[in-house]
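User: Could you take a close look at one helix in this model for me, and tell me how it sits among its neighbours? I'd be glad of some context on the packing around it too.

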Amino acid sequence: MSFAAELDVAGRTVVVVGGAAGALGTISRLVELGADVTVVSADVATSIRDLAERGLLAWLSRPAEPADFRTAALVVAATGSADSDAEVRAAAARGNAVAATVRTAPETVDRAGRGRVVLVGGGPGDPGLLTVAGLEAIRSADVIVSDRLAPLAALRHARAQAEIVDVGKIPRGEFTPQERINAQLIEYARQGRRVVRLKGGDNFVFGRGGEEWQACAAAGIAVDVIPGVSSAVAAPALAGIPLTHRRLTQGFTVVSGHLAPGDPGSTLDWAALARTNTTLVIMMGVATLGAITDELLGHGLDPATPAATVADAGMPSQRTVRAAVSHIARVTADAGIKAPAITVIGAVAGFEPGRTEPT
């Protein structure tokens, strides 16, 4: 839908009635444009729930009421039912609000034997950082299986007939098991449909894209890969932090902080990481950051080493906190930062926008 790009909704109240995955593109675009969004629905897709938990929109878990429309500048009907959408538009008109409809019910496609899966890396979240090839894949898809950290506003470019499937994973919360996602990709492709698996960042950098490619290949499903801009490099760049600098560091190391040092499942050599003299980028490490920095310090990393945590990179809610590595976990926690966020440790983290030298 294009209405969001045509109306000035910044700072205005927008009520979306219905929270199906098909409304993800429009809702995310409204949030990006600075609208004060409220979703009214008894239940919502996982990625919409995530936006609410991150404070980017309000969610009222109940049926819509006439009072919901009285102060709305725009009402979006996204119930998935033509009759219900018509009732929403009528109620909006009675409240003198502009009304629009999002199509959320896909048409059936049957081209048995010609299906394929396209793994699309969507970049760090800003639709502007999605590749041209990735956007074209979205536009031509029959089914889009999307994560919560994908550039959800780009879904508004999907065909009206496309089916949107939300399989977002909320950290330590609601999620769709990876095995189920693999099975869905195979199932839709076997129906003869062109399936786009849309993720944030790059599919093959901590994105489980390799597992999905293997599962599809084992099932005889054709797979195309469209790389994306990894948040490992995008988040620091958007915060004004160069990962390499010829006078400061000759490389960078990217690791997952999902498992804390000492966890039986962790295979990282933290002692070696403390001695690499490269920029260290920690992904998925918000909850374990204190344990990680303690481990690095215990293996000799200079406590004064600059560090920075970048949250919501590429989104309107992006923010950065900086401190010495000995304090970055506390500063990050005090700022209330939650996933998605990455932490950069090294001399280059001392760079700040507008400064020509690191602090």
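Analyst: Happy to; here is a walk along helix 6 and then outward from there. Please keep in mind that this is a predicted model.

Helix 6 covers residues 178-190, 13 residues in total. From its first C-alpha to its last it reaches 19 Å, close to the 18 Å expected at 1.5 Å a residue. Just after the helix comes Gly192, with a positive phi near 85°.

Now for the buried side of the story. The buried residues in helix 6 are Gln178, Ile181, Asn182, Gln184, Leu185, Ile186, Tyr188 and Ala189. As a reminder, an α-helix has 3.6 residues a turn, so residues three or four places apart point the same way. The cover over the buried residues of helix 6 includes strand 6, strand 7 (143-146), strand 8 (163-166), strand 9 and helix 7.

Two of those covering elements lead on to the largest nonpolar core: strand 6 (116-121) and strand 9 (194-199) are among the elements that each supply at least two residues of it. This core has 38 residues, and Val16, Leu30 and Ile144 touch the most other members. Its largest share, 4 residues, comes from helix 2. A second, separate core of 20 residues includes Leu280, Leu289, Leu301 and Ile337.

Helix 7, another of the covering elements, spans residues 209-218 and contains Trp213. Trp213 counts as partly exposed because its relative accessibility is 41%, between the 20% and 50% cut-offs. Together with Phe204 and Val225, Trp213 forms a nonpolar surface patch with about 290 Å² of accessible area.

Notes:
Residues are numbered from 1 along each chain as its sequence is written. This is a predicted model: local features need pLDDT of at least 70, side-chain atom pairs count only at pLDDT 80 or more; totals for chains, interfaces and linings use all residues. Side-chain values use heavy atoms; hydrogens and water are left out. Patches are made of residues with over 30% relative accessible area and no salt bridge: like charges are joined within 9 Å, nonpolar side chains (Val, Leu, Ile, Met, Phe, Trp, Tyr) within 5 Å. Accessible areas come from the Shrake-Rupley method with a 1.4 Å probe; for residues, only the protein chains shown count as cover. A salt bridge is a side-chain nitrogen of Lys or Arg within 4 Å of a carboxyl oxygen of Asp or Glu. Buried means under 20% relative accessible area, exposed over 50%, partly exposed in between (1.4 Å probe, protein chains only). A nonpolar core is a set of buried Ala, Val, Leu, Ile, Met, Phe, Trp, Tyr and Cys residues joined through side-chain atoms within 4.5 Å. The expected span of a helix is 1.5 Å times one less than its number of residues. Contact means heavy atoms within 4.5 Å.
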